[in-house]
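Got your viewer open and a hand on the mouse? Load the model below, and we'll walk through it one selection at a time.

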Amino acid sequence: MQQPDPNPHPAWQEADSQIFLDYGSYFVPDREQQIETLSMLIPPHFDTQPFTALDLCCGAGLLSKAILDRFTHSHVYGLDGSQTMLDQARSALAAYGDRFRTVHFDLTAQEWRHTLPPAQAIVSSLAIHHLDDEQKQHLFRDLFAMLAPGGMLAIADVIAPASAQGTVVAAAAWVGQCSGVRATSMERQMLLRLSNGSGGICTATPMMATSPRA
Ligand SMILES: C[S@@+](CC[C@H](N)C(=O)[O-])C[C@H]1O[C@@H](n2cnc3c(N)ncnc32)[C@H](O)[C@@H]1O
């Protein structure tokens, strides 16, 4: 007898990958700056020495590419759960040969946390928010264990503001950045009404975290 699918509606589906590939550069504010900032957080002494980086949920490989370009001795594992994304990343970064490898993985699973080589850099952009609070805590603990001595973790992601007013400010900034205009006072009032009680507006507040491990 067929077992029921425990996760019939995964948070991210293949169709989402195509939408993100087609429109991500429009609805993610300051995309290039975000990628550039993450790659700049990798310490400059890696300019001259080989190191391994893991790009968790690498998507089409934009961040992996920035690392490969900036650090010519780097080897990057691009991990993702979407075959569409992995195919795109592999094809876009084919010129880097065996410096870039793709790995099909589930961010929520355990196995990859014990099978990959120790990494000097673990990076991720716009993906860890798919986990709930408890999953994030386990992930951060496991990533710490996966880092080589002196390794670092850098994340850029959306976070929920701590208050309804913070949600309005972030949502207004996002509207402004996407459209190139500032949200009017009336639009801010509307956003405030929308966010009241539900806190459900999706905002795009970037979060950067870097934790050097001695
Ligand atoms: C918004 S995209 C970001 C892609 C890339 N990091 C970037 O910044 O362009 C989110 C990515 O996370 C991946 N993803 C989401 N949930 C995942 C999961 N549970 N396991 C593996 N990959 C997942 C998706 O396939 C997608 O490539």
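Start by selecting K65, which sits in helix α3. Helices here are DSSP runs of H or I with at least four residues, strands are DSSP runs of E with at least two, and both are numbered from the N terminus.

Before you click on, two housekeeping notes. Residues are numbered from 1 along each chain as its sequence is written. This is a predicted model, where local features need pLDDT of at least 70 and side-chain atom pairs count only at pLDDT 80 or more, while totals for chains, interfaces and linings use all residues.

**Stop 1: K65 and its helix**

Is K65 buried or exposed? K65 is buried, because 22 other C-beta atoms lie within 10 Å. The cut-offs, with C-beta atoms placed from the backbone, go like this: 20 or more other C-beta atoms within 10 Å of a residue's own makes it buried, 12 or fewer makes it exposed, and anything in between is partly exposed. Now add S39 to your selection: S39 and K65 are 26 residues apart along the chain, and their C-alpha atoms are separated by 9.5 Å.

Widen the selection to all of α3. This helix is mostly covered, with seven of its nine residues buried. Those buried residues are L62, L63, S64, K65, A66, I67 and L68. What does the covering? The cover includes α2 (31–40), β1, β2, α4, β3 and β4.

**Stop 2: the strands on either side**

Select β1 (residues 51–56) and β2 next: they run parallel, joined by six bridges. (Two strands pair if DSSP finds at least two bridges between them.) To see one pairing up close, pick D55, whose bridge partner in β2 is G78. Follow the backbone from β1 through α3 to β2 and you trace a right-handed β-α-β crossover. Right-handed means that, with the strands pointing away from you, the path from the first strand over the helix to the second runs clockwise.

Stay on β2 (residues 74–80), where six of the seven residues are buried. Keep G78 highlighted and look to β3, where its bridge partner is T102. In total, five bridges join β2 to β3 (residues 100–104), and these two strands run parallel. Add helix α4 (residues 83–92), and you have β2, α4 and β3 as a right-handed β-α-β unit.

**Stop 3: β4 and beyond**

Go back to β1 and select L54; its bridge partner in β4 is I122. β1 and β4 pair in the parallel sense over four bridges. β4 is largely enclosed by the rest of the structure, because seven of its seven residues are buried.

Which strand is paired with β4 over six bridges? That's β5 (residues 147–159), again in the parallel sense. Click A121 to find its bridge partner in β5, M152. Then bring in helix α6 (residues 133–146): together, β4, α6 and β5 make a right-handed β-α-β unit.

**Stop 4: a loop residue**

Select L116, in the loop between α5 (112–115) and β4 (119–125). L116 is partly exposed, because 16 other C-beta atoms lie within 10 Å. Leaving aside neighbours within four places in sequence, L116 is in contact with L54, Y77 and M146. (Contact means that the two C-beta atoms, placed from the backbone, lie within 7 Å.) L116 and L54 are 62 residues apart in sequence, yet 9.0 Å apart in space, C-alpha to C-alpha.

**Stop 5: the ligand**

Now show the residues around the ligand. There are 22 of them, and W12, C57, G59, G81 and S82 come nearest. (Near here means a C-beta atom, placed from the backbone, within 6 Å of the molecule.) The elements giving two or more residues to this shell are α1 (14–27) and α3 (62–70).

**Stop 6: zoom out**

Show the whole chain. How many helices and strands does it have? Eight helices and six strands. Of its 214 residues, 32% count as buried. Among contacts between residues at least 6 apart in sequence, 74% join residues at least 24 apart.

Finally, colour by pLDDT, the predictor's confidence in each residue, from 0 to 100. The chain's mean is 84, and 78% of its residues reach 70 or more. Over residues 196–212 the pLDDT is below 50, and this stretch has 42 contacts in the model beyond near neighbours in sequence.
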